[in-house]
Amino acid sequence: MNTDPIADYLTRVRNAIAAKHRMVEIPASNLKKNMTKILYEKGYILNYKFEDDTAQGTIKIALKYDPVTKMPALSSLDRISRPGLRKYVNSNELPRVLNGLGIAILSTSVGLITDKEARKLNVGGEVICYVS
């Protein structure tokens, strides 16, 4: 049993990028599916596919690299709120990642959204991770 599935998700993606893999498979959950959709919409991953072949299902993520320099689109994935220490922010305390170049993924009352969307909607919540 995994005590922190979000940290496991981020670590699997980080390890696949460090090993220069094209694809990574991750056990699925609704939170992980929403995080994957956000990463795809913001251009950090090339593509994704949800497979329901097992009881839990899996997420297959195609990682994105620059065609010329072979550098990954994701430079860092940092877990912020952990099970042992949750980090909550108000709408006026929303974090800025790399001065606005990265994103923070937040779990709010309106669902999983980025810090920029939370500013527009004027909502706060739990800071899940920083992506840059």
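Which residues does Thr-36 touch, not counting residues up to four places away in sequence? Thr-36 touches Tyr-9, Ile-45, Tyr-48, Ile-59 and Ile-61, where contact means heavy atoms within 4.5 Å. The legends below place this residue and several others in the structure.

This is a predicted model, in which local features need pLDDT of at least 70, side-chain atom pairs count only at pLDDT 80 or more, and totals for chains, interfaces and linings use all residues. Residues are numbered from 1 along each chain as its sequence is written, and side-chain values use heavy atoms, with hydrogens and water left out.

**Figure 1. The whole protein, with three helices and eight strands.** Read from the N terminus, the elements follow the order α-β-α-β-β-β-β-β-β-α-β. The radius of gyration is 15 Å, close to the 14 Å that the globule rule gives for 132 residues, so the protein is as compact as a globular protein of that length. Helices (H or I, at least four residues) and strands (E, at least two) are DSSP runs, numbered from the N terminus. The radius of gyration is taken over C-alpha atoms, and the globule rule is 2.2 Å times the number of residues to the power 0.38. The C-alpha trace spans about 40 × 40 × 25 Å along its principal axes. Of the contacts with a separation of 6 or more, 60% are between residues 24 or more positions apart.

**Figure 2. The surface and the charged side chains of the protein.** About 7,600 Å² of the protein is exposed, and carbon and sulfur atoms supply 51% of this area. Accessible areas come from the Shrake-Rupley method with a 1.4 Å probe, and for residues only the protein chains shown count as cover. There are 20 positive and 13 negative side chains, and the centres of the two sets lie 4 Å apart. Lys and Arg count as positive and Asp and Glu as negative, while His and the chain ends are not counted. The place of a charge is taken as NZ of Lys, CZ of Arg, CG of Asp or CD of Glu.

**Figure 3. The largest nonpolar core, which has 26 residues.** Val-13, Met-35, Ile-61, Leu-63, Leu-74, Ile-105 and Val-131 have the most contacts inside this core. At least two core residues come from each of α1 (5–18), β1 (23–27), α2 (30–41), β3 (58–63), β6 (103–108) and β8 (125–131). Helix α1 gives the most, with six residues. Another core lies apart from this one and has nine residues, among them Leu-94, Leu-106, Ile-113 and Ala-118. A nonpolar core is a set of buried Ala, Val, Leu, Ile, Met, Phe, Trp, Tyr and Cys residues joined through side-chain atoms within 4.5 Å. Buried means under 20% relative accessible area, exposed over 50%, and partly exposed in between (1.4 Å probe, protein chains only). By this measure, buried residues make up 39% of the 132 residues. In soluble globular proteins, nonpolar side chains tend to be buried together.

**Figure 4. Met-35 and its contacts.** Leaving aside neighbours within four places in sequence, Met-35 is in contact with Ile-6, Tyr-9, Leu-10, Leu-112, Ile-128 and Cys-129. Met-35 is also one of the residues with the most contacts inside the largest nonpolar core.

**Figure 5. Thr-36 in helix α2 and Tyr-48 in strand β2 (residues 45–51).** Thr-36 counts as buried because its relative accessibility is 0%. Tyr-48 has a relative accessible area of 25% and is therefore partly exposed. Not counting residues up to four places away in sequence, Tyr-48 touches Thr-36, Lys-37, Tyr-40, Lys-60 and Ile-61.

**Figure 6. Leu-46, a residue of strand β2.** With a relative accessibility of 51%, Leu-46 counts as exposed. Not counting residues up to four places away in sequence, Leu-46 touches Tyr-40, Ala-62, Leu-63 and Lys-64. Leu-46 and Pro-27 are 19 residues apart in sequence and 19 Å apart in space, C-alpha to C-alpha.

**Figure 7. Asp-115 in helix α3.** Asp-115 has a relative accessible area of 2% and is therefore buried. Not counting residues up to four places away in sequence, Asp-115 touches Leu-94, Pro-95, Arg-96, Val-97, Ile-103, Ala-104 and Leu-106.

**Figure 8. Leu-98 and Asn-122, two loop residues.** Leu-98 is placed in the loop between β5 (88–89) and β6, and Asn-122 in the loop between α3 (115–121) and β8. Although Leu-98 is not a glycine, its phi is positive, at about 50°. Asn-122, also not a glycine, has a positive phi of about 60°. Leu-98 counts as exposed at 53% relative accessibility, and Asn-122 is exposed with a relative accessible area of 55%.
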